[in-house]
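Please open the model in your viewer and keep the sequence panel visible beside it. We will go from stop to stop, selecting something at each one and looking at what is there.

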Amino acid sequence: ERGGVVKRKIFIIFFISCSFINCIRVSANSNQEKKSDIGIYLYEEQEDPAQEDSMVWINISIDMTQIEEEQIQEGINSLFHWAPLENLTRIPTKNRYSYIPKGTELLGISLVDGECTIYVSKEITQYGGTYWETKLVDQLLSTIFTFPTVQKITLFIEEYEIYLPEGTKLQQYQRSQWEERRRAERWNDYTKESMMSYEMCK
């Protein structure tokens with residue numbers, strides 16, 4: 001009889017221990033689910049100076065328990081605070097940089113019916129040339145459209161200005177336009193590579 005009591009005690013202790021371990025595992029998994037990797041887009045310097053720097057996707061960890069506006073805000077702030085192009089030599093990670101000018105700040109954001117409206121500081125205009133503007137716009141659109149619920153983007157500079165220095169405006173810019181733009185860019189890249197291969201084979 002005493003042996004049976006001992007066995008029951010051992011079983012109870014074993015059961016309690018297993019339950020405690022499972023609770024820890026569930027808690028850990030729950031915490032992991034609250035975090036999700038969202039990406040920002042940066043440019044990466046190529047070793048060959050003849051090659052154009054490519055845009056690459058970088059993981060950032062965002063607290064997914066926040067409302068979506070706050071998630072997008074966190075992603076944009078990560079992009080804006082990355083080292084800009086003029087600080088390229090001081091970047092420690094694979095020479096990745098941003099075309100967002102230094103000092104650019106996110107002043108406000110709203111997300112209504114799939115349209116993300118962002119308000120940024122005037123520092124975003126501190127550059128010149130259509131090439132720079134194209135790179136900046138591509139980077140900004142690619143990062144914000146990382147969030148699947150965003151279907152349109154509207155950009156305001158200091159709450160009222162809608163034009164970037166070279167004339168680009170982002171007013172209800174649709175995801176379908178961005179996807180078409182990316183397809184066209186990939187086709188152009190493919191065409192360039194094909195022409196280079198053809199020239200090498202001649």
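Which strands make up the open sheet with mixed pairing, and in what order do they lie? Before you answer, bear in mind that this is a predicted model. Now select the strands in turn: the open sheet has 4 strands, in the order β4-β5-β6-β7. At its edges you will find β4 and β7, the latter covering residues 173-174, and each of these two strands pairs on one side only.

**The whole chain**

Zoom out to take in the whole chain, which has 4 helices and 7 strands. If you follow the chain from the N terminus, the elements come in the order α-β-β-α-β-β-β-α-β-β-α. Of its 202 residues, 34% count as buried. If you switch on a surface, you will be looking at about 13,000 Å² of exposed area, of which carbon and sulfur atoms supply 54%. Among the contacts in the chain with a separation of 6 or more, 58% are between residues 24 or more positions apart.

**The hairpin of β4 and β5**

Next, select β4 and β5, which pair in the antiparallel sense over 6 bridges. Two of the bridge partners in β5 can be picked out by name: Cys116 is the partner of Leu111, and Ile118 is the partner of Ile109. In general, the side chains of a regular strand alternate between the two faces of the sheet.

Move on to the turn of this hairpin, where 2 residues lie between the strands. Select Asp113, which is found in the loop between β4 and β5. Is Asp113 buried or exposed? Asp113 is exposed, because its relative accessible area is 81%, and the cut-off for that word is over 50%. Its backbone also deserves a look, since Asp113 has a positive phi of about 50° although it is not a glycine. Most residues other than glycine have a negative phi.

Another residue to select for its backbone is Glu158, which lies in the loop between β6 and β7. Glu158 is not a glycine either, and its phi is positive, near 55°. Glu158 is partly exposed, with a relative accessible area of 29%.

**Helix α3 and the nonpolar core**

Now select residues 130-144, which form helix α3. This helix has 15 residues and reaches 21 Å from its first C-alpha to its last, close to the 21 Å expected at 1.5 Å a residue. The helix is mostly covered, with 12 of its 15 residues buried; among them are Trp132, Leu136, Gln139 and Ile144.

Which residues of the largest nonpolar core touch the most other members? Select Ile118, Leu136 and Val150, which hold that place among the 39 residues of the core. Elements that give two or more residues to this core include β1 (35-44), β2 (54-63), α2 (68-80) and β6 (152-157). The largest share, 6 residues, comes from α3. Stay with Leu136 for a moment and, leaving out residues up to four places away in sequence, look for what it touches: Tyr99, Ile100, Pro101, Ile124, Tyr127 and Leu164.

Then select Gln139 in the α3 helix, a residue that is buried, with a relative accessible area of 0%. What does its side chain reach at 2.9 Å? The side chain of Gln139 reaches the backbone oxygen of Tyr41. Apart from neighbours within four places in sequence, Gln139 is in contact with several residues, including Tyr41, Met55, Leu79 and Tyr97.

**Two last stops**

Select Gly75 in helix α2, where you will find a buried residue with a relative accessible area of 1%. Not counting residues up to four places away in sequence, Gly75 touches Ile40, Ile60 and Ile62. Gly75 and Ile62 are 13 residues apart along the chain, and their C-alpha atoms are separated by 7.6 Å.

Finish at Thr125, whose place is in the loop between β5 and α3, and which is partly exposed, with a relative accessible area of 24%. Leaving aside neighbours within four places in sequence, Thr125 is in contact with Ile157 and Pro165. If you draw a distance from the C-alpha atom of Thr125 to that of Glu166, 41 residues apart along the chain, you will find a separation of 9.3 Å.

Definitions and conventions. Residues are numbered from 1 along each chain as its sequence is written. This is a predicted model: local features need pLDDT of at least 70, side-chain atom pairs count only at pLDDT 80 or more; totals for chains, interfaces and linings use all residues. Side-chain values use heavy atoms; hydrogens and water are left out. Buried means under 20% relative accessible area, exposed over 50%, partly exposed in between (1.4 Å probe, protein chains only). A polar contact is a pair of N or O atoms within 3.5 Å; within protein, one must be able to donate a hydrogen and the other to accept it, and residues adjacent in sequence count only if both atoms are side-chain atoms. Contact means heavy atoms within 4.5 Å. A nonpolar core is a set of buried Ala, Val, Leu, Ile, Met, Phe, Trp, Tyr and Cys residues joined through side-chain atoms within 4.5 Å. Two strands pair if DSSP finds at least two bridges between them. The expected span of a helix is 1.5 Å times one less than its number of residues. Accessible areas come from the Shrake-Rupley method with a 1.4 Å probe; for residues, only the protein chains shown count as cover.
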